[in-house]
Amino acid sequence: MVVPIILICVATGIISTFVFHEHRRRKVFVGSIGLVASIAMYASPLVVVRQVIKTKSVEFMPFYLSLFSFLASGLWMAYGLLSHDLFLASPNMVGTPLCILQLILYFKYRKNPVKELEPQKWPDLEYNDDKLKQEFKLEEKKDQSMLVVTENLSTKT
């Protein structure tokens, strides 16, 4: 996972150095890549938000991470707006409402007990008979109602 990120950073540096010769174009190029990365960073907890809504439990969403993400995002948004830097303010204008959503969900579901998601069940033999035959290489004899195992086991009935 780290290698693609390092390659993107190196490619960004090389492209901004050798392709864009004006400072303004370099700033727009690097700022656009940073904007996309920042929005992805703030959108990544949406997976946890989905799980919190599904289980109605905040077990998987730490409060302090949500709180400090909100504070950092809000402060960077304010700084970006005051300094008229849209590359700094834009991702935080997306991140601040997402952090507020996390905090609202935390306070809504904080007192609910931990609810486990339904575990994966064994396949139903009655309905998934063909899949099981393929998976375990089982063959069924038509004239008898017994199964014959053809793989590693040599017992036949």
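In the predicted model, Met93 is partly exposed, with a relative accessible area of 42%. This residue belongs to helix α5. Beyond its neighbours within four places in sequence, Met93 is in contact with Met77 and Leu81. A further spatial relation links Met93 with Trp76: the two residues are 17 positions apart along the chain, and their C-alpha atoms are separated by 9.2 Å.

The overall architecture provides the setting for this residue. The protein chain contains six helices and two strands, and these elements follow one another along the sequence in the pattern α-α-α-α-α-α-β-β. Of the 157 residues of the chain, 17% count as buried. Among contacts with a separation of 6 or more, 54% are accounted for by residues 24 or more positions apart.

Two stretches of the chain carry an annotation. An unreviewed UniProt entry places the feature "transmembrane region" at residues 29-49 and 61-82. In the model, residues 29-49 are 90% helix and 0% strand, and the C-alpha atoms at the two ends of this span lie 32 Å apart. Residues 61-82 are 91% helix and likewise 0% strand; here the end C-alpha atoms are 31 Å apart.

Helix α4 comprises residues 63-82 and includes Ala72. Ala72 counts as partly exposed because its relative accessibility is 34%, a value between the 20% and 50% limits that bound this class. The C-alpha atom of Ala72 is separated by 8.7 Å from that of Thr96, a residue 24 positions away along the chain. Ser69 is also located in helix α4. With a relative accessibility of 24%, Ser69 counts as partly exposed. Ser69 touches Tyr42 and Cys99, when residues up to four places away in sequence are not counted. Of these two partners, Cys99 is 30 residues from Ser69 in sequence, yet the C-alpha atoms of the pair are 6.5 Å apart in space.

Ser69, Tyr42 and Cys99 also appear together in the lining of the largest pocket. The space in this pocket amounts to about 160 Å³. Its lining consists of Met41, Tyr42, Pro45, Val48, Phe60, Met61, Pro62, Leu65, Ser66, Ser69, Cys99 and Gln102. Helices α2 (23-43), α4 and α5 are the elements that give two or more residues to this lining. The greatest contribution comes from α4, which supplies three residues. In chemical character, the lining divides into nine nonpolar residues and three polar ones, with no charged residue.

The largest nonpolar core is made up of seven residues, namely Val49, Val52, Val58, Met61, Leu105, Tyr106 and Tyr109. Two elements, α3 (46-55) and α5 (86-109), each give two or more residues to this core. The largest share is that of α5, with three residues. Val49, one of the core residues, touches Leu101, Gln102 and Leu105, not counting residues up to four places away in sequence. Of these partners, Leu105 is itself a member of the core, whereas Gln102 is found in the lining of the largest pocket. Met61 belongs both to the core and to the pocket lining.

The backbone at two loop positions was also examined. Most residues other than glycine have a negative phi. Lys56, by contrast, has a phi near 55 degrees, a positive value in a residue other than glycine. Lys56 lies in the loop between α3 and α4 and, at 41% relative accessibility, counts as partly exposed. The second position is His84, where phi is near 60 degrees and is again positive in a residue other than glycine. His84 is placed in the loop between α4 and α5. The relative accessible area of His84 is 72%, and the residue is therefore exposed, the limit for this class being over 50%.

Definitions and conventions:
Residues numbered from 1 in each chain as written. Predicted model: local features only at pLDDT ≥ 70, side-chain atom pairs only at ≥ 80, totals over all residues. Heavy atoms only, no water. UniProt positions renumbered as here; feature names shortened; annotations may be inferred. Helix = DSSP H or I, 4+ residues; strand = E, 2+ residues; numbered from the N terminus. Buried < 20%, exposed > 50% of the residue type's maximum accessible area, 1.4 Å probe, protein only. Core = buried A, V, L, I, M, F, W, Y, C linked by side-chain atoms within 4.5 Å. Contact = heavy atoms within 4.5 Å. 1 Å grid on protein atoms, 1.4 Å probe; cavity = no way out; pocket = protein on both sides within 12 Å on 5 of 7 lines; lining within 4 Å. Points joined across faces, edges and corners; volume = space filled by probe spheres on them. Nonpolar A, V, L, I, M, F, W, Y, C, P; charged D, E, K, R; others polar.
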